[in-house]
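The questions below examine the surroundings of a bound ligand and the division of a chain into domains. Please consider each one with the structure in view.

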Amino acid sequence: MENNRLTMRDIPSIECLLGLLINQPELGNFSHDIIVDRLRFVVNEARDKLRENQVADVSLNHLVNRVKSELLTLGSCSLRKVVNATGVVLHTNLGRAPLGKSAVHMVNAIMSGYSTLEYNVTTGERGSRYAHVVDKLCALTGAEDAIIVNNNAAAVMLVLSVLAKEREVIVSRGQLVEIGGSFRIPDVLKQSGARLVEVGTTNKTHIADFEQAITDHTAAILKVHTSNYRIVGFTAQPDDKALVLLAHRYGVPLVEDLGSGTFRNIEVNGWHEPTVSECLASGIDVVTFSGDKLLGAGQAGIIAGKKEYIKMMKSHPLLRAIRIDKLSLASLEGTLVDYLTGDVCKDIPVQYMLSRQSDDLREQACTLANRLQPLRSYGWSIEVVPLISHAGGGTLPEVEFGSFGVSIMATDHSAAMLEKALRRNSTPIIVRIQAERILLDVRCLAVEDMVIIEAACNGIAKGEIL
Ligand SMILES: *Cc1c(COP(=O)(O)O)cnc(C)c1O
């Protein structure tokens, strides 16, 4: 092989390459040190290849272009918009809840300048960042008071640290949940300094199991929403009313980690997701839930419930370490305003997507299929198909939302090749593969997403995107 004749000495010197790079206008303001660092990386890569007798292009031109491309990648944003054609509404890897217009408007208004974040314009004194959303949350949920932190994991940690440090927390064995990303209830309890007391069995826990476990050391009873799994068959958990009565008879708070915490009553195929208001109305003392799951706002953890407990959270030192930032707070306030004054199923994207009906979904799938019709001339088959979508994000597991979409099969590309090409589009398009076809579920597609899909498919068919 010709490559075998190349040796280390054929690699141009750093000085020589640097001289060529320094004056490249598109590298604008990259510092000398950063350019040299990337240059060394590229040269070392070439050396390693030669050392391992692999094919390596060590021409000046190639190496300069490699460094340029490394620098341009470094200088551009990797976090970017994608088109979610998976039908999974709260896709954890794709950023969970997209924000509604009011939330986006609020974030825009707050992010580039100063704001009333912790300033009370009526008194001219220091204000509370929580004050912006507490009244709204209380009005929407019936809570006496609330506090907001960074996410629900932090909310659970704060509640347990405040209420149960060095004391016992009783949890049913059927609810010792692991949510993705290493959030496991037994570990969170341990970290907060509380001692876990497991009661009942995996499938059945009775009220008597809780009662027998209550001692002088009991700090709280914790209920955990089994967000991402369901125990079916011969199962039992005491209802909220009975647990509330028991907890209060012994003077211990009943806390619930609700996970997603919906405000809107969601009924699908006989499944009813308990709302935050229902939980609080049943007498549960403190509930925690996420801002960016079914609520449809930005990342946040909301703790709502009885004044006496929320007050204790407000003065705990952990609060400062996990406090919500102003952009998430702005998105939460904008979203809450929509819940109070807007049309929830229109204005909150997550709720809109979950409440879409089959006629509407079928019509959108037909529109998308029509746009893609010209691809038939390349031998592609384009069909409107019924699909099943899921809420995702560890919410409403097993609940199937009937949906529609477009299935594509190309004669000149395998489904895996198509999926990869769409994923590598300038705006990545994320799809599912089933039976050698790619499936585009329309549930989460905006009108502008359909234009992106059409352009990408045309590009792939013409061989412009690989
Ligand atoms: C999702 C979830 C969490 C974690 O919430 P984040 O907002 O992602 O931190 C905790 N508990 C339950 C039951 C959940 O479903």
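Q: How do the residues of the shell around the ligand divide into nonpolar, polar and charged?
A: The model is a predicted one, in which local features need pLDDT of at least 70 and side-chain atom pairs count only at pLDDT 80 or more, while totals for chains, interfaces and linings use all residues. Residues are numbered from 1 along each chain as its sequence is written, and side-chain values use heavy atoms, with hydrogens and water left out. Asp, Glu, Lys and Arg count as charged, Ala, Val, Leu, Ile, Met, Phe, Trp, Tyr, Cys and Pro as nonpolar, and the others, Gly among them, as polar. The shell thus classified holds three nonpolar, six polar and three charged residues.

Q: Which elements each supply at least two residues of the shell around the ligand?
A: The residues around the ligand (a heavy atom within 4 Å of it) include Asn-152, Ala-153, Asp-257 and Gly-259. Helices (H or I, at least four residues) and strands (E, at least two) are DSSP runs numbered from the N terminus. The elements that each give at least two shell residues are α6 (152–164) and β10 (254–259).

Q: Which residue has a polar side-chain atom 2.6 Å from a nitrogen atom of the ligand?
A: Polar contacts are pairs of N or O atoms within 3.5 Å. Oxygen atoms of the ligand are approached by the side chains of Ser-227, with an N or O atom at 2.4 Å, and Lys-293, with one at 2.8 Å. The nitrogen atom in question is matched by a polar side-chain atom of Asp-257.

Q: What percentage of the ligand's accessible area does the protein cover?
A: Accessible areas come from the Shrake-Rupley method with a 1.4 Å probe. On its own the ligand has 380 Å² of such area. The share covered by the protein is 94%.

Q: What distance separates the centres of domain 1 and domain 3?
A: An automatic or database assignment sets the domain bounds. The chain is divided into domain 1 (3–74), domain 2 (83–89 + 355–461) and domain 3 (101–347). Taken over C-alpha atoms, the separation between the centres of domain 1 and domain 3 is 53 Å.

Note on methods
Polar contact = N/O pair within 3.5 Å; in protein donor to acceptor, adjacent residues only side chain to side chain.
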